[in-house]
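Here are my notes for you, written as numbered points. Keep the viewer open while you read, and look up each spot as it comes along.

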Amino acid sequence: MGRKVILATCSLNQWALDFDGNLERILRSIAIAKSQGAKYRLGPELEICGYGCADHFYESDTLLHCFQVLRKLLESPVTQDIICDVGMPIMHHNVRYNCRVIFLNGKILLIRPKMLLANYGNNREFRWFSPWNKLRHVEEYYLPRMIQDMTGQDTVPFGDCILSTKDTCIGSEMCAELWNPRSPHVDMGLDGVEIFTNSSASYHELRKADHRVNLVKSATMKSGGIYMFANQKGCDGDRLYYDGCATVAINGDIVAQGRQFSLDDVEVVTAILDLEDVRSYKGEHCHPHVEYEHKPCHRVKLDFSLSDCEDVYLPTHQPIEWQFHTPEEEISLGPACWLWDYLRRSGQAGFLLPLSGGVDSSSTACIVYSMCVLVCQAVRDGNTQVLEDVQRVVNDGSYTPRDPRELCRRIFTTCYMASENSSEGTRNRAKDLASQIGSSHMNLNIDMAVKGMLGIFSMVTGKCPQFRANGGSTRENLALQNVQARIRMILAYLFAQLSQWAEGKPGGLLVLGSANVDESLTGYFTKYDCSSADINPIGGISKTDLKSFLQYCVEQFQLTALKSIMAAPPTAELEPLTDGQVSQTDESDMGMTYSELSVIGRLRKISKCGPYSMFCKLIHTWREALSPLQVAAKVKHFFQMYSVNRHKMTTVTPSYHAESYGPDDNRFDLRPFLYNTRWSWQFRAIDNQVSKMEVGNDYHD
């Protein structure tokens, strides 16, 4: 009897409801797995229809088309002689489940429904699915006629069961089940399961990868075993980027690692592993009947082996150190891959960005340039899919991208929109960066449009608003800033729609936004201004991280123009200059620094703090710099700004999700947008606590 097994796990760039494309990518991954000798192929969660179908899961069409794809898979000669593990939604007894369908040689072996659903962060699985909460229970599932006719099976096992081959035992987990404190792999391992599979749709967040890796290692460190992790990759039609990282581990060690960011639609990771290594480890660490009583798993027996009697010469995979990306590399790669997926799947001809010469818009520009670098590298590496996509985007079937700057010129237009309040410094910084990344750059002046808008208002009302610097009120000052910002948005969309037409080229451009996560928190932007766009690659990234990212771009891409951009104070340049110099700065307008905002944002979202709880934490965090009274003032100021401007999040540009404290109103941060902005009860609680501390001097004891 053999003892070594070859296992394959995948990262697939699936697209919600793209059944043709999803089928092709699944078949391609199975073919690659077979070519590498694998006898078991694991794919990502809900790979047949795509994880991001959302309310399309309610539609019977989605279930129908999934079974039609499943039939194609069962019929295909590609799926013969290898156990295939695919994901799709299935309705059983009129209840919808998120399932794994495991089949071999045209026969379905079992259907395993997800038992622990993801219902946090961006996940809302309870909206569409029910958990299978019948532990160790298996029922008969009546197959649709289209499947019965093909397989000759009327029913198949459905429920909490495992697969027993002639040489080993395999148990399934699904995504959130790995993260749960009662993960199924614990009981399965105690019941003799040697190979654990996990099909996921795990999305990228900055600094998250190590959590996932540690969980995979831990799953087999305690009681031994092999762990296979599959994940979706790419943008499947939403704000999320699924970041791959297909993984194989054994006895607490990682032995095979897939890429976290790449433009490959299909990535297959295989590993050769020795089952006797698992048994030796389990023999020392795992004594199930001594530990506690448990109900044994239901086993589906299969006359098939993963190992081969002639495997003695197969070298097994050895432990490796996981190579993590720095946060700066993650910002460079994740949003860039997301932008590429969005561009090629949207049918547009490129991007347009209002480039102000500040940190935020420069960060967006650098991410586009990073995308061009990745595309050129993928073409050099022989990725024919990327080459076909590029040729379609630029409308030139003979084009082969080799230089990122030249590709950038073809697909990326930047535009500096000057007003009488713009400084020469920001104009030059925008021009220099555009020159270094190679974008097609325009300079235009918006003063004529601003005067035209104000002329209409004056003609109707007989009044002419003035800036604060010229004696105007706060309301006048704000209105004059907003009209500039909103005209920039209108011009951005005008040029995005017609600039290709003006050059005799087909297609339009996607408008890119450049508001960071901290500005969204406080609403420090104009509703429907030039931060409003089609998509925003930096909307989930903090200002602090963006500055570090730009420093990385200076070193990685030799973009020296970024040095002066980072040195300049952040400013909207919407108020009159003083002696030709900028007098308005973002941090002064907001009443707090970006680093302070980052701390406050994490407390609000991650730590679930209201005003009073936040104050109680910050008096200790900031005790070296601020008194309790000053801390109270900052907390109150933040919550007033946040609540006054929360309505802006209902219309904010869809942004790449990157930060665990993001304020995205779509799914991630579900809160009201009409508040009592006085926060009378909460602020009174803070004031009472400040008074007690000042009287008792508790803060300094």
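1. Does glutamine 558 count as buried or exposed? Try it in the viewer, bearing in mind that this is a predicted model. The answer is exposed, because its relative accessibility comes to 53% and the cut-off for exposed is over 50%. You'll find glutamine 558 in the loop that runs between helix H18 (543-557) and helix H19 (562-567). There's a backbone detail to look at as well: glutamine 558 isn't a glycine, yet its phi is positive, at about 55°.

2. Now go to tryptophan 679, which makes a nice companion. Here too we have a residue that is not a glycine but has a positive phi, about 50° this time. Tryptophan 679 also sits in a loop, the one between helix H23 (628-645) and helix H24 (680-696). Its surroundings are another matter: tryptophan 679 counts as buried because its relative accessibility is 9%, and buried means under 20%.

3. Let's step back to the whole chain. The protein has 701 residues, and a compact globule of that length would have a radius of gyration near 27 Å; the value here is 28 Å, so the two agree. If you want a feel for the dimensions, the C-alpha atoms fill a box of roughly 90 × 75 × 45 Å along the principal axes. In that box you can look for 24 helices and 20 strands.

4. How much of this is covered up? Of the 701 residues, 58% count as buried. The protein exposes about 28600 Å², and carbon and sulfur atoms supply 52% of that. As for charges, there are 71 positive and 82 negative ones, and their mean positions lie 4 Å apart. Contacts reach far along the chain, too: take those between residues at least 6 apart in sequence, and 74% of them join residues at least 24 apart.

5. On to the strands. Strands of a sheet pair through backbone hydrogen bonds, either parallel or antiparallel. A good place to see both is strand E3 (residues 83-92), which is mostly covered, with nine of its 10 residues buried. Strand E2 (residues 40-42) runs parallel to E3, and three bridges join them; in that pairing, arginine 41 has cysteine 84 of E3 as its bridge partner. With strand E4 (residues 95-104), E3 pairs in the antiparallel sense over nine bridges, and there glycine 87 faces arginine 100 of E4. E3 and E4 form a hairpin with two residues between the strands, where histidine 93 takes a positive phi near 55°.

6. Strand E8 (residues 161-164) is another one to zoom in on. Cys161 and Leu163 point one way from E8, while Ile162 and Ser164 point the other way, and all are buried. E8 pairs with strand E16 (residues 298-301) in the parallel sense over four bridges, and leucine 163 stands opposite valine 300 there. With strand E9 (residues 169-174), E8 pairs in the antiparallel sense over two bridges; serine 164 is found opposite cysteine 169 of E9. A hairpin through four residues links E8 to E9.

7. Next, look for an open sheet of four strands, in the order E19-E18-E17-E20, with parallel pairing. Strand E19 (440-445) and strand E20 (510-511) are at the edges with a single partner strand each, so one side of each has no neighbour in the sheet. Strand E17 (residues 351-354) pairs with E20 in the parallel sense over two bridges, and leucine 352 stands opposite valine 511 of E20.

8. What is the relative accessible area of serine 362? It's 0%, so serine 362 counts as buried. This residue belongs to helix H11 (residues 359-380). To see what surrounds it, set aside the neighbours within four places in sequence: serine 362 is then in contact with Leu355, Gly357, Leu433, Leu550, Leu562 and Ile565. One of these contacts, Leu562, falls within helix H19 (562-567), which brings you back to the loop of point 1.

Terms used:
Residues are numbered from 1 along each chain as its sequence is written. This is a predicted model: local features need pLDDT of at least 70, side-chain atom pairs count only at pLDDT 80 or more; totals for chains, interfaces and linings use all residues. Side-chain values use heavy atoms; hydrogens and water are left out. The radius of gyration is taken over C-alpha atoms; the globule rule is 2.2 Å times the number of residues to the power 0.38. Buried means under 20% relative accessible area, exposed over 50%, partly exposed in between (1.4 Å probe, protein chains only). Contact means heavy atoms within 4.5 Å. Accessible areas come from the Shrake-Rupley method with a 1.4 Å probe; for residues, only the protein chains shown count as cover. Lys and Arg count as positive and Asp and Glu as negative; His and the chain ends are not counted. The place of a charge is taken as NZ of Lys, CZ of Arg, CG of Asp or CD of Glu. Two strands pair if DSSP finds at least two bridges between them.
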